[in-house]
Amino acid sequence: MKYRYDKGKNELSILGFGCMRFTKNGASIDLDKAEKEIMTAYQAGVNYYDTAYIYPGSETAIGEIFERNHIRDKIRIATKLPQYLISSNAALDRYFKEELTRLRTDYVDYYLMHHLTDVAMWEKLKAVGVLEWIEEKKRSGAIRNIGFSYHGNTENFLTILNDYDWDFCQIQYNYLDEVSQAGAKGLKAAAAKGIPVVIMEPLRGGKLVNMLPENAKAAIRSNSRNWSAAEWGLRWLYNQPEVTVVLSGMNSLEMVEENCRIASQAEVGEFTEEDFALLEEVKRSIREKEKVGCTGCRYCMPCPKGVDIPGIFRCYNAMYIESKGQGRSQFIQTVGLTKEPAFATQCIECGKCEQHCPQNLPIRQKLKEADRALRPLPYKVAITIARKFMFRKPAGPSHR
Ligand code: SF4
Ligand code: SF4
């Protein structure tokens, strides 16, 4: 494992464990599986574990795993204040204490204002006294480093970055998002101020692995580097000295092992002109085909009408990146035949989802387009018949 440094010159593994995608066992996290994955990463040198108040069951699960294995003082926990739920000063302490209880600890190494998308959100927090609250928590040692995670435009990022003496920040960044969100400009601005930057969505929610167009996959396969698609995405980040930690939402041992191997080999400045040219080719082929720039982050969910927004967009994109049949068949399996209907036509256009989308997607309009493409008339009829058959009410006992 390679390490870079936080503001206090503490070593941070360049690979961070994103704790939002653990495998579920029914409604709860499969704790034994998560424990194996976390401990494999820990043995390989990963010391940064990222969670949040709103990741279902995640804080509680990792709190238990760290306690069971007696490693709390050997790792660093990053978790987040659900700032969108805060409307009073008292709420700051209430959520923080709940998080400490879930995590079975009395301090948080890296604490973030979660999901800021514009300056107004930060101003609202300041209005309820967050600055004094942070100072007090840092003085008492309950918070060691304070930062924010960000999903808005570059301009607002720079305003928030320059408004406070942050210890670190977290941004969405990958080779497709070089000029969107905080972007390379935001990354470099933070680094110039000596602020470590943690990267989320390094592979755009897996899209840079699972949904690459065939010609992009072929270009990667035939390249003499012999790197996997994930490896290209991660090494592109590690290549940049301004990047401190790259988070990966790992949920299999294979993924942990591959990511740890990459993080033990990658070097700053290892990319050649040919490497950059290959990624340009990959980007061109993705952009040519993709219909909606959805990362699958699910911040738009739940929809009050049950529309499976990211699921529908994933299938819509798959129609153009993979094939029409592939996209439609994925749609039937993952959206069309779920017990609770989740179709785009259930949308009442309330607009709630669009307020939360970090990519600023016109979700309502794109849902209509997606529905037209995914459910032409014959599919609509077939899905309706299949649903009637699958979800018919069981016959009651006969009374003769
Ligand atoms: S606009 Fe439509 S999809 Fe979005 S939250 Fe409202 S009902 Fe759901
Ligand atoms: S529509 Fe936006 S908020 Fe919803 S999953 Fe896609 S990118 Fe995330």
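How many nonpolar, polar and charged residues does the shell around ligand 2 have? Open the predicted model and start there.

**Stop 1: ligand 2.** Select ligand 2 and its surroundings. The shell has eleven nonpolar residues, three polar ones and one charged one. That is 15 residues around the ligand. Label the closest: C294, C297, R298, C300 and C357. Now colour helix α13, residues 309–321. Helix α13 gives the most to this shell, with three residues. Show cavities if your viewer can. Ligand 2 sits in the second largest one.

**Stop 2: ligand 1.** Move to ligand 1. This ligand sits in the largest cavity. Show the side chains around it. Cysteines in the shell include C303, C347, C350 and C353. Then pick out P304, I309, I348, E349, G351, R364 and L367, which also surround ligand 1. By class, the shell around ligand 1 divides into eight nonpolar residues, one polar and two charged.

**Stop 3: a cis peptide.** Select M301 and P302. A cis peptide bond joins the two, with omega at about 0 degrees. P302 lies in the loop between α12 (273–289) and α13. Helix α13 is the one you coloured for ligand 2.

**Stop 4: the barrel.** Switch to cartoon view. Eight strands close into a barrel here. Trace them in the order β3-β6-β7-β8-β9-β10-β11-β12. The pairing is parallel. Neighbouring strands of this sheet are turned by 30 degrees against each other on average, direction ignored.

Zoom in on one pair. Select β3 (residues 15–18) and β6 (residues 48–50). They pair in the parallel sense over two bridges. Where in β6 is the partner of G18? Look at D50, which stands opposite G18.

**Stop 5: a helix across the strands.** Select helix α10, residues 229–238. Helix α10 lies across three strands: β3, β11 (197–200) and β12 (243–248). Turn the view to compare α10 with β12. The helix runs at about 155 degrees to that strand.

**Stop 6: the loop before α10.** Finish at N226. This residue is in the loop between α9 (214–222) and α10. Which sign does phi of N226 have, positive or negative? Phi is positive, near 65 degrees, in a residue other than glycine.

Methods. Residues are numbered from 1 along each chain as its sequence is written. Chains are lettered from A and ligands numbered from 1 in the order in which they are written. This is a predicted model: local features need pLDDT of at least 70, side-chain atom pairs count only at pLDDT 80 or more; totals for chains, interfaces and linings use all residues. Side-chain values use heavy atoms; hydrogens and water are left out. A residue is near a molecule or strand if one of its heavy atoms lies within 4 Å of it. On a 1 Å grid over the protein atoms alone, a cavity is a set of points where a 1.4 Å probe fits but cannot get out, and a pocket is an open set with protein on both sides within 12 Å along at least five of seven lines; lining residues have an atom within 4 Å of a point. A molecule sits in a cavity or pocket if more than half of its atoms lie within 2 Å of its grid points. Helices (H or I, at least four residues) and strands (E, at least two) are DSSP runs, numbered from the N terminus. Ala, Val, Leu, Ile, Met, Phe, Trp, Tyr, Cys and Pro count as nonpolar, Asp, Glu, Lys and Arg as charged, and the others, Gly among them, as polar. Two strands pair if DSSP finds at least two bridges between them. Axes are lines fitted to C-alpha atoms, for helices over the stretch in contact, and angles run from 0 to 180 degrees between N-to-C directions. Contact means heavy atoms within 4.5 Å.
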